[in-house]
Amino acid sequence: MKIDMGIENGLSDCHVHLSIKSGFTIKQWSMADDNQKTAWISSILEKYKKNNIIYLKDGGDAYGVSLYAKKLADKHDINYKTPGFAIYKEGSYGDFLGKSIKNMGDFDRLFEYLLSLDIDHLKLIVTGIMDFDNFGYYEKTQFTSSELIYMISRAKEENLNVMVHANGNEAVKMAINAGADTIEHGYLLDKQTLKEFIGSSTTWVPTLAPLGNILKYKPKAMINQLDTVNKIYQLQIENLKYAIENNIEVRLGSDAGAYMVEHPNGIIDEINLMKEAGISHKTIKDLMIKQIQKIK
């Protein structure tokens with residue numbers, strides 16, 4: 001499935017996970033040899049290329065998939081960025097995305113290891129995901145403000161941008177004030193929190209596709225949760241429109257690999273959902289061009 005945005009040099013998806021839904025399970029990946037791993041990753045990268053989606057930013061994984069993809073991306077003419085794996089607080093959400101820490105001493109040791117892997121950005125997980133049984137509930141903030149400031153400042157010392165997974169007002173405000181470069185997801189925000197983006201160096205990646213696709217396809221497993229999903233989604237659409245109207249920097253990322261979001265069509269879903277919400281083709285095109293320029 002292609003989409004014509006009138007952008008000759010290709011499209012970008014600023015939030016993907018190649019470790020998920022790429023033709024293999026994690027168990028299969030762990031048992032595979034290099035030839036098989038190369039075949040799997042080459043296949044998914046070629047699908048992105050065929051659809052003219054050639055700028056990808058990965059959110060990381062705990063299994064080495066995105067690091068493996070980074071080694072192959074150039075051969076497929078894909079500009080691919082990865083944090084290697086995300087960092088999250090022990091006992092909290094994030095085990096399939098990265099490695100956990102108890103304290104800043106753990107962070108220092110893990111960060112030094114990440115630097116040895118030639119990563120492109122740092123990924124921090126600050127909250128969990130939504131509770132689709134209870135509107136407004138999600139796993140609360142994992143790190144303190146001082147911890148977040150410390151980790152982001154360490155990344156800046158190494159000229160690395162910081163990608164922060166965060167939902168809810170407290171966590172998003174904390175991340176913006178700590179100097180996060182991007183807020184990934186950012187569900188359940190009020191207007192006061194959105195105003196924090198104005199004048200900051202932080203960009204918002206609202207990832208419409210996971211919730212939008214759940215509402216579109218109505219999976220039986222979530223039939224009793226659709227009302228809550230819709231409430232969260234409608235608030236996200238309202239906030240996205242507010243952000244665009246107030247010149248808050250927004251980027252397009254689909255969370256491809258997430259539930260109901262397939263490779264390589266995630267960013268096409270994201271674009272179509274924005275159009276369905278009443279955001280103009282020109283606005284979406286301008287956002288896409290700007291984020292491609294930033295990736296380069």
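Helices, of at least four residues, and strands, of at least two, are DSSP runs that are numbered from the N terminus.

**View 1. The whole protein chain of the predicted model.** Counted in this way, the protein chain has 11 helices and nine strands. Its radius of gyration is 18 Å, which agrees with the value near 19 Å that a compact globule of 296 residues would have, and its C-alpha atoms fill a box of roughly 45 × 45 × 40 Å along the principal axes. Buried residues account for 57% of the 296 residues, while the protein chain exposes about 12700 Å², of which carbon and sulfur atoms supply 48%. Of the contacts between residues at least 6 apart in sequence, 68% join residues that are at least 24 apart. The protein chain carries 35 positive and 38 negative charges, and the mean positions of these two groups are 3 Å apart.

**View 2. The aromatic pair of tryptophan 29 and tyrosine 68.** The whole structure holds nine aromatic pairs, and one of them joins tryptophan 29 to tyrosine 68 in an edge-to-face arrangement, with 5.5 Å from centre to centre and 90° between the planes. Because tryptophan 29 belongs to helix H1 (residues 26-31) and tyrosine 68 to helix H3, the pair ties together parts that are 39 residues apart in sequence. Both tryptophan 29 and tyrosine 68 are buried, and ring pairs link these two residues with Phe24 and Trp40 into a cluster.

**View 3. Aspartate 74 in the loop after helix H3.** Aspartate 74 sits in the loop between helix H3 (65-73) and strand S3 (79-81). With a relative accessible area of 65%, aspartate 74 counts as exposed, because exposed means over 50%. Between aspartate 74 and leucine 45 there are 10.0 Å in space, C-alpha to C-alpha, although the two are 29 residues apart in sequence.

**View 4. Helix H6 and the elements that cover its buried residues.** Within helix H6 (residues 169-178), the buried residues are Ala171, Val172, Met174, Ala175, Ile176 and Ala178. Their cover includes helix H5 (145-157) and strand S7 (161-166), together with strand S8 (182-185) and helix H7 (191-197). Following H6 is glycine 179, whose phi is positive, near 100°.

**View 5. Helix H8, a mostly covered helix.** Seven of the nine residues of helix H8 (residues 209-217) are buried, namely Ala209, Pro210, Leu211, Gly212, Asn213, Ile214 and Leu215. These buried residues of H8 pack against H9 and H10. The residue that follows H8 is lysine 218, and its phi is positive, near 45°.

**View 6. Arginine 251, a buried residue in a loop.** The loop that holds arginine 251 runs between helix H9 (226-245) and helix H10 (266-276). Arginine 251 has a relative accessibility of 14% and therefore counts as buried, since buried means under 20%. Leaving aside residues up to four places away in sequence, arginine 251 touches Cys14, Thr182, Thr203, Trp204, Val205, Pro206, Gln291 and Lys294.

Technical notes. Residues numbered from 1 in each chain as written. Predicted model: local features only at pLDDT ≥ 70, side-chain atom pairs only at ≥ 80, totals over all residues. Heavy atoms only, no water. Buried < 20%, exposed > 50% of the residue type's maximum accessible area, 1.4 Å probe, protein only. Contact = heavy atoms within 4.5 Å. Rg over C-alpha atoms; globule rule 2.2 N^0.38 Å. Areas by Shrake-Rupley, 256 points an atom, 1.4 Å probe, with all protein chains shown as cover. Lys, Arg positive; Asp, Glu negative; His and termini not counted. Charge placed at Lys NZ, Arg CZ, Asp CG, Glu CD. Phe/Tyr/Trp six-rings, centres within 6.5 Å; stacked < 30°, edge-to-face > 60°.
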